[in-house]
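Reader: Could you walk me through how the labels on this model were earned? I'd like to see each value set against its cut-off.

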Amino acid sequence: MSDTAATAPKQLIEFDDKTVRQFMWASIIWGLVGMLVGLLIASQLNFFQLNFETSFLTFGRLRPLHTNAVIFAFVGNMMFAGIYYSTQRLCKARMASDMLSKVHFWGWQLIIVSAAVTLPLGLTRGQEYAELIWPINLAVAVIWVVFAVNFFWTLAKRNEPTLYVALWFYIATILTIAMLYIVNHLSIPTSWTHSYTVFAGVQNALVQWWYGHNAVAFFLTTPILGIMYYFLPKAVERPVYSYRLSIVHFWSLVFIYIWAGPHHLLHTALPEWLQYLGMFFSLMLWAPSWGGMLNGLLTLRGAWDKLRTDPVVKFFVAGVTFYGMSTFEGPLLSIRAVNYLSHYSDWTIGHVHSGAMGWNGFMAAGLFYWLAPRLYGTKLHSTSMANFHFWIGLIGILVYVLAMWTSGIMQGLMLNQTNADGTALVNPAFLETLNAIRPLMLFRIVGGLLYFSGMALMLVNLALTARSGKPVNETREVALLQRNEKDTMPVTETFLNDPVAYLFAGMLLVLGWLFLPPGSDIVALICAGLFTLIAIKKFREKGAAWGGWYDRLLANYLPFTILTFVAVALGGLIQIVPTVVVNRARNVEDRIQKIYTPLELAGRDIYVNEGCYNCHSQMIRTILPDVLRYGDYSRLGESIYDHPFQWGSKRTGPDLAREGGRYPDSWHFRHMQDPRSTSPGSNMPPYTWLYEDKFDQKTLPKKIAVLTRLGVPYPPMDAAEIRENAINQGIEIVKRLREENLYTEPDRKIVAVIAYLQKLGQFDTPQVEEKLLTTPVGIPFPMSPVNPDKARRARQSDTASVAP
């Protein structure tokens, strides 16, 4: 112990463990709710009757509830429990404000309840993992700021000079989630429950998956890694295997992860350079991810015997192993040749759940089994019950993931199979592939049920543990730090030094390689290589000085925070800024989307509210099987006015990008009322309420005004003209339906949905009319837009489910 520490004034601190207990129980309870909803929607995919012909219990509405409950309620509360517990111990200080802790906890639970109410009601923004309506999003931002203020205030008050590695990951989480959430949720309200995203088409797709991918990275990964770095060494009573490896793990992960979002959009209308950029950085993620996994597993050196007897160690080791497996599979799926098969299939679902159930779920279980006895001053009620939870949970994960891997690969192969000449599909009907994987979807339910049962056992075990003890808050005597013992690094030393200078100079040269014109880019790449060699040489000469600078940096939380923010923000800017001009009419390849009429816009909003994007994509990829099955591939300009975009990420039903004019109005009318009357074997639920409910005419003028403000070229129309336009188009649809003895009113939701579906695929070609071009896969196609008047002569070859 240093002389300063020995003579420093002491203070007895009582940690705020009440907040930790609250977040722990909230995580377990919400986790069970989210998993129960997951079991229901998994069952609905095999048994459509379980939708109960009720609007708020359909798959399209419940699937967002499941994902949001598991991510933000289960993992979110678990993350907060781990952060609140470990931060106080690592800072040797109570959380800065008990009031902020209370506001954070209760505010977060109120947000979850609001989501649980609004999502089944069909109130959604229509973007994966970002469905919550704008008032709830504002609440999320406010509560996140409350959390951030409390956290950084605690860092400022800390009585430990050096920031431990777990705190680095917490800092990265707080900063990056704030940036991602704010940018992706930028919207203009049209009412208290509806808004339109400020981004559209390819911009919206890129920003959404920049957020969607990095929500996984910085909400489901980095905070849990911080928890791993604190609680795993505690559980095995060993120090972290390699401090140097943890440095490499942190900085490479936070810098590389943010670039990888475009790999969700391979073979789409996204500019090709962004697709390759996303793939390139995704492959680079193998190194830091596996470095972190090995750092966690090798922390058990000399303590592997605990794996046999301690359920906490079992869960932690299995969780870290699943982290390694998931972060191996993720980059694998980002390879374009692999993504050709896996995208839109159950393989992606299996990948996501191996991470959520194996990494997040098992780390949560290990954390809670370790915390509960300490939070209640007792011992775990039943070690054997915890061990049983581990094995039943592990079996459940394996059954689930193996079923989804098999299902995804099988369906992908069937959908992509062509004859020897490559001129026709072997399985032209989408439903053939869906029926082939039904047995595997049953195994999915079995695996999920086993995993849910293990979580229920944990709730019982921990409840009995709490009952046998009583809530306790740990107290600890700490030496108080003086002002001159922390946060003293001047700005010049923070940023004007060799490590930072070489880093940013090298990054600028790499960016030059990515964006400079041919010739100049090669020069930039060569310079980047030479600069890297110089940096390595300097590091060998001044390695101790560089290490000393980093040690001093860790005693200064604000400079460390700024450098972290720069690292994560750079990748986002590089991806998003160049696409600001992508959605302009002069840069739309050879097509420009036709704007929606008022009735079609109303139908589109109903389509989004019903969650149809959870089962249907609207993006025909630039691959031969997609073109043969659905028509010519989608262009960038064909979604230029879509707020939000509807490209989708999973096809439980076929793509709808060319749906307009393919079937008559009567087909859609019957299909929505009884999907099996038009598509025998379909697993789509009936949407009977659409025939009774009226579409919202009142807000149409406001919606069109907002879209006009966002750049959609609507002609001048007053409110009366907008409503009259919508009703008149509805009357025309009703007339066509009556010709086939089908009756409804022109103001019903079903009429609006039919109008929207018949609009899909229509576009203008101002410079190229009726010209045959060739797709990237060599298939000729006519450039003329779909003619809805030809509906009665539409192709009938694919009888699959094609509506929400």
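Reader: What makes Val140 count as buried?

Author: First, a word on the source: this is a predicted model, where local features need pLDDT of at least 70, side-chain atom pairs count only at pLDDT 80 or more, and totals for chains, interfaces and linings use all residues. Residues are numbered from 1 along each chain as its sequence is written, and side-chain values use heavy atoms, with hydrogens and water left out. Now, Val140 has 8% relative accessibility, so it counts as buried (buried is under 20% relative accessible area, exposed over 50%, partly exposed in between, with a 1.4 Å probe and protein chains only). Val140 sits in helix H5, residues 134-156 (helices are DSSP runs of H or I with at least four residues, strands runs of E with at least two, numbered from the N terminus).

Reader: Which residues is Val140 in contact with, leaving aside neighbours within four places in sequence?

Author: They are Trp108, Ile111 and Tyr181; contact here means heavy atoms within 4.5 Å.

Reader: Why is H8 called roughly antiparallel to H9?

Author: Look at the angle: the axes of H8 (residues 222-236) and H9 (residues 243-257) cross at roughly 170° and come within 12 Å. Axes are lines fitted to C-alpha atoms, for helices over the stretch in contact, and angles run from 0 to 180 degrees between N-to-C directions. Under 35 degrees is roughly parallel, over 145 roughly antiparallel, 65 to 115 roughly perpendicular, and the rest oblique. So H8 and H9 earn the label roughly antiparallel. Thr222, Leu225 and Tyr229 of H8 make the contact with Ser246, His249 and Leu253 of H9.

Reader: And what makes H25 and H28 roughly perpendicular?

Author: The axes of H25 (residues 665-673) and H28 (residues 719-738) cross at roughly 85° and come within 9 Å. That angle is why the pair counts as roughly perpendicular. In the contact, Asp665, Ser666 and Phe669 of H25 meet Ile733, Arg736 and Leu737 of H28. These residues divide into three nonpolar, one polar and two charged (Ala, Val, Leu, Ile, Met, Phe, Trp, Tyr, Cys and Pro are nonpolar, Asp, Glu, Lys and Arg charged, and the others, Gly among them, polar).

Reader: How do you know that the span of H6 agrees with what 20 residues should give?

Author: The expected span is 1.5 Å times one less than the number of residues. For H6 (residues 165-184) that gives 28 Å, and the end C-alpha atoms are 29 Å apart, so the two agree. H6 is also mostly covered, with 17 of its 20 residues buried.

Reader: Is Arg591 buried or exposed?

Author: Buried, because its relative accessible area is 0%. Arg591 is in the loop between helix H22 (557-576) and strand S5 (592-593). Its side chain makes a polar contact of 2.4 Å with the side chain of Asp632 (a pair of N or O atoms within 3.5 Å; within protein, one must be able to donate a hydrogen and the other to accept it, and residues adjacent in sequence count only if both atoms are side-chain atoms).

Reader: Why is Asp487 called partly exposed?

Author: Its relative accessible area is 30%, so partly exposed is the label. Asp487 has a phi near 55°, a positive value in a residue other than glycine. Tyr344 also has a positive phi, near 70°, but Tyr344 counts as buried because its relative accessibility is 4%.
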